[in-house]
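Dear colleague,

Please find below the structure that I am handing over to you. My notes on it follow directly after.

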Amino acid sequence: MRVIDPRQRLESGVLEMRGDGKAGGGLVLAFQSLAALFAARPEWHVQEWPFFSSARRGANIRSFLRVSRRPVEAACEVTRPLLTLLMDEAAARSADFAEGVPHGGTFVINTRRTPEECAQHFHLSGRVLAVPGDDIGTQHLKHAIGNISAYVALTEAVGGLEFDDVVETFLAQLKKRRIPQQLLDRNRDALHATREAIVEGVFDFARPGDHASTRFEGYGDLPLGAQTRLRLSQNNKTATFARSGFRLLFADPLNACTGCSHCIVNCPEGIIRFEPDTARGVRVTGADVSSFCKLCGECIAVCPENLFSEGRYEEVWDDTHAEEVRS
Ligand code: SF4
Ligand code: SF4
C-alpha cells in the first residue's frame, strides 16, 4: 500500500489537516501551535481555524489547518484531509475523523491502543501514529490531557521539522496564556517524553465506501458568522473598523453567484443580503453596507466568484433635512 507523504504534499501543493476532539481537551492549542510553527517561517502560508458550536466542555469540536508555499485561497472546511487527528476517542462516536482521507493518508490518534488495533477498529488504510497522550499528560501534568502529545505526533507525521522548534513553539503558545514557569517546565518534559512514545505502522483495513466524503449540502441552521475564520493575527481583520473613504462593493452582472453561502456564513455582522432561488438555494444580492459593514474583507476572501470588492467611496451629504431643521 502506497502512503502519501505529507511532506511531499507540503512541498508541491497544500497540505490539509483536520482534527476532531472535545471542547476543553486542548485540540485548538495543538492546532494553533502547529500553525504557529509553520507561520514562524516566511516561506509558509498558513490558515488555521477551529469550529465549534456554543461549545460547552465535552462537546465535539473540529480544527482545520492548511499549509502551503503559496497563498491559501480555499476558504471552506477541510473535507479531504491528507492528515487527520483524533484527539479524543469519544469524539469518534459522533464524527468520522477519517472522513474524506484518501487511501494512504496519515492518521494520528491519541490512544493507549496500538496502531494496528486502531486501524482495525476504525477501518483505516494508510499510516497510523498512536500516542498515549492522556497518560503522558497525567504523568507530567497530573491531568489526562493529550494535546501536547498530539501536537508532537502531528509534527512527526509531517516530518522535516526541527524538534527544538517544535518544543519552543508550543511553550511560546503557553507563555501567551501566562502559564507559570513551573508548569512550562512540566510541559517541556511532556513534549520530550512524547517523542519516545509514538508508535506507528502502515495498514490497509478500509473497505470500499468507508469514510467517503459526504456531499456539501449547505450550512443548514448554523448561526450567521459561525464560520468566520480565526486567522493568524496579521490577517485577522474581523475586529477592525471600516476605513473612512472606502466601502464594500458587490457586483454580479453575469449572474454568477452560485449560492454557495460562504459569504453569508462568514460575514461576522450577518449583513449579506440574499433571496431564495430555486436552482441555487439562495442568490446573493449584496450586503447591507449602510449599517454594520466593517470592511473586514471576509466576504471578499471567501467568494469563489470574486463578486465582492472594496472601493473608494465619497459620502454624499443630503442637506435637505438640515434645511428643514434650520427653517
Ligand atoms: S466586509 Fe462587510 S459585508 Fe463583508 S464580511 Fe465583512 S462585515 Fe460582512
Ligand atoms: S456571492 Fe459569492 S460567496 Fe456569496 S453565495 Fe454567491 S458565489 Fe457564494
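The notes below cover the numbering, the sheet, one loop residue and a ligand site.

This is a predicted model, in which local features need pLDDT of at least 70, side-chain atom pairs count only at pLDDT 80 or more, and totals for chains, interfaces and linings use all residues. Residues are numbered from 1 along each chain as its sequence is written, while chains are lettered from A and ligands numbered from 1 in the order in which they are written.

Helices (H or I, at least four residues) and strands (E, at least two) are DSSP runs, numbered from the N terminus; two strands pair if DSSP finds at least two bridges between them. Seven strands form an open sheet with mixed pairing, in the order E2-E3-E1-E4-E5-E6-E7. Its edge strands, E2 (45-51) and E7 (199-204), each pair on one side only. Within the sheet, strands E5 (residues 105-110) and E6 (residues 125-131) run parallel and are joined by six bridges. Asn110 has Val131 in E6 as its bridge partner.

The loop between helix H2 (27-39) and E2 contains Ala40. Ala40 is partly exposed because 13 other C-beta atoms lie within 10 Å (buried means 20 or more, exposed 12 or fewer, partly exposed in between, with C-beta atoms placed from the backbone). Its C-alpha atom is 8.9 Å from that of Thr169, although the two residues are 129 apart along the chain.

Around ligand 2 there are 13 residues, of which Cys257, Cys260, Cys263, Val284 and Cys303 come nearest; a residue counts as near if its C-beta atom, placed from the backbone, lies within 6 Å.

Kind regards
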